Amino acid sequence: MIRSDEEAKEVARKLAASFAEQADVRDRDRRLPAEEVEQLSVSGLLGITVPARYGGAEVSVATLTEVFRLLAAADASLAQIPHSHFVFLEALRLQGTEGQQARYFAEALAGARFANAQTERGGRTVTDDATTLRRRPGGGYVLDGEKFYSTGSLFAHWLVVRAVLAGEPPVGGAAPKALAYIRRDAPGVTVVDDWDGIGQRTTASGTVRLSGVLVADDQVVPYTPIFAGPTTYGARAQVLHAALDAGIARGAVDAAVAAVGRARPWFESGAATAAEDPLVAQQAGELEITVRSAEALLREAAAAIDAAEADLTEETTARASIATAVAKAAAARASLEASTVLFELGGTRSAAASLNLSRYWRDARTHTLHDPVRWKVQHIGRWLLSGTRPPRHGQL
């Protein structure tokens, strides 16, 4: 059981060092990290956001963000797996009943893993859901549908499924939605390992099929009301995505330093080693500035979310969302730049397939597609020019 913010960060540092040792092999062979995910459970990290009144450390967003950054620098795929776990624990904190919170927070403290079954492939946009929760005459619901990008679902004890509440009156012109917390091994649940992304190859982000799954009333948590008032729900989710990008960038920088150590200096430089080549030093310095800038903006965004949660208003939550959008844009750019410049600094030798340094770029390119930076830049610009507050949704 982790008891403090500092303990959480120290545990994350130790786990990251351990996870880094075989990260390359796991990616190359697409070996799913079952043992490493179990270590996450045993470490106590999966319970660090549980409120203190339920026995958790209730760490700050700043601490949670740093935990993700540390893990992602070691293995971006592995760090991605618990993302939804913390997002849906936050949904419980915001909308769960006392009984639901007591039940599921206790599960998290015991090391249980929650994974998402949220996004679908067939809708017009990522917010469209065909998956339904239909009331049963005798009580409870029946859940039917199919989800994709279900990160970590193969390793989960609980799946959290976003679904339309069929037959319920519209809210704001749209059908209301809820989250169903169901056992991974419940009858009617099938998890398919069919994720074939070029990056984040070991996240187990495949398909979840749901056929006539029986869901009790106390397994359903309202989703639509999360966005009815000022909220940091979306900012919390996005700052962790930014932390993943920033971690990839730092991991790529560390790999670049090692690659320069193996490289030969360019003959025109007159340098004895590649590290002494002035143009290599210049490019490395520019890269470090880019990555440190992203890390600083990440810390600023996390602090803004913590401040907003201490004083929840339209203004504070808007500022938190904008700060998070800035951090996400900067971290996405840093991850892509660092994972590309890595090869320029390391030279031709760094392109050897045996080194598998491409995993940094593949992970960065795959993960940064989650939520388009171009839309975040739009919201930042509107806020700057006209004070327009960003919309409330789970991606901002």
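Okay, so contact here means heavy atoms within 4.5 Å. Let me use that straight away on lysine 9: leaving aside neighbours within four places in sequence, lysine 9 is in contact with Thr63, Glu66, Val67 and Leu70. That lysine is found in helix α1, residues 5-20, where helices (H or I, at least four residues) and strands (E, at least two) are DSSP runs numbered from the N terminus.

Quick housekeeping. What you see is a predicted model, where local features need pLDDT of at least 70, side-chain atom pairs count only at pLDDT 80 or more, and totals for chains, interfaces and linings use all residues. Residues are numbered from 1 along each chain as its sequence is written, and side-chain values use heavy atoms, with hydrogens and water left out.

Back to lysine 9: buried or exposed? It is buried, because its relative accessible area is 17%, and buried means under 20%, exposed over 50%, partly exposed in between, with a 1.4 Å probe and protein chains only.

Now the whole thing. The protein has 12 helices and 8 strands. Its radius of gyration is 22 Å, close to the 21 Å that the globule rule gives for 396 residues, so it is as compact as a globular protein of that length. For the record, that radius is taken over C-alpha atoms, and the rule is 2.2 Å times the number of residues to the power 0.38. The C-alpha trace spans about 80 × 50 × 45 Å along the principal axes.

As for packing, 53% of the 396 residues count as buried. Take the contacts with a separation of 6 or more: residues 24 or more positions apart account for 76% of them. About 16900 Å² of the protein is exposed, with carbon and sulfur atoms supplying 54% of that; the areas are Shrake-Rupley with a 1.4 Å probe, and for residues only the protein chains shown count as cover.

On to α4, residues 61-74. This helix has 14 residues and reaches 20 Å from its first C-alpha to its last, close to the 20 Å expected at 1.5 Å a residue; the expected span is 1.5 Å times one less than the number of residues. α4 is mostly covered, with 11 of its 14 residues buried. Among them are Thr63, Val67 and Leu70, names you'll remember from the contacts of lysine 9.

α4 also turns up around another helix. Why call α11, residues 358-367, largely enclosed by the rest of the structure? Because 7 of its 10 residues are buried. Those are Arg359, Tyr360, Arg362, Asp363, Ala364, Thr366 and His367. What covers them includes α2, α4, α5, α8 and α10.

Last stop, the loops. Most residues other than glycine have a negative phi. Arginine 30, in the loop between α2 and α3, has a positive phi, near 45°. Arginine 30 is partly exposed, because its relative accessible area is 23%. Then there's tyrosine 149, in the loop between β3 and β4, also positive, with phi near 55°. Its relative accessible area is 40%, so tyrosine 149 is partly exposed too.

And one more loop residue: alanine 174, between β4 and β5. Alanine 174 is partly exposed, at 39% relative accessible area. From valine 164 it sits 10 residues away in sequence and 9.6 Å away in space, C-alpha to C-alpha.
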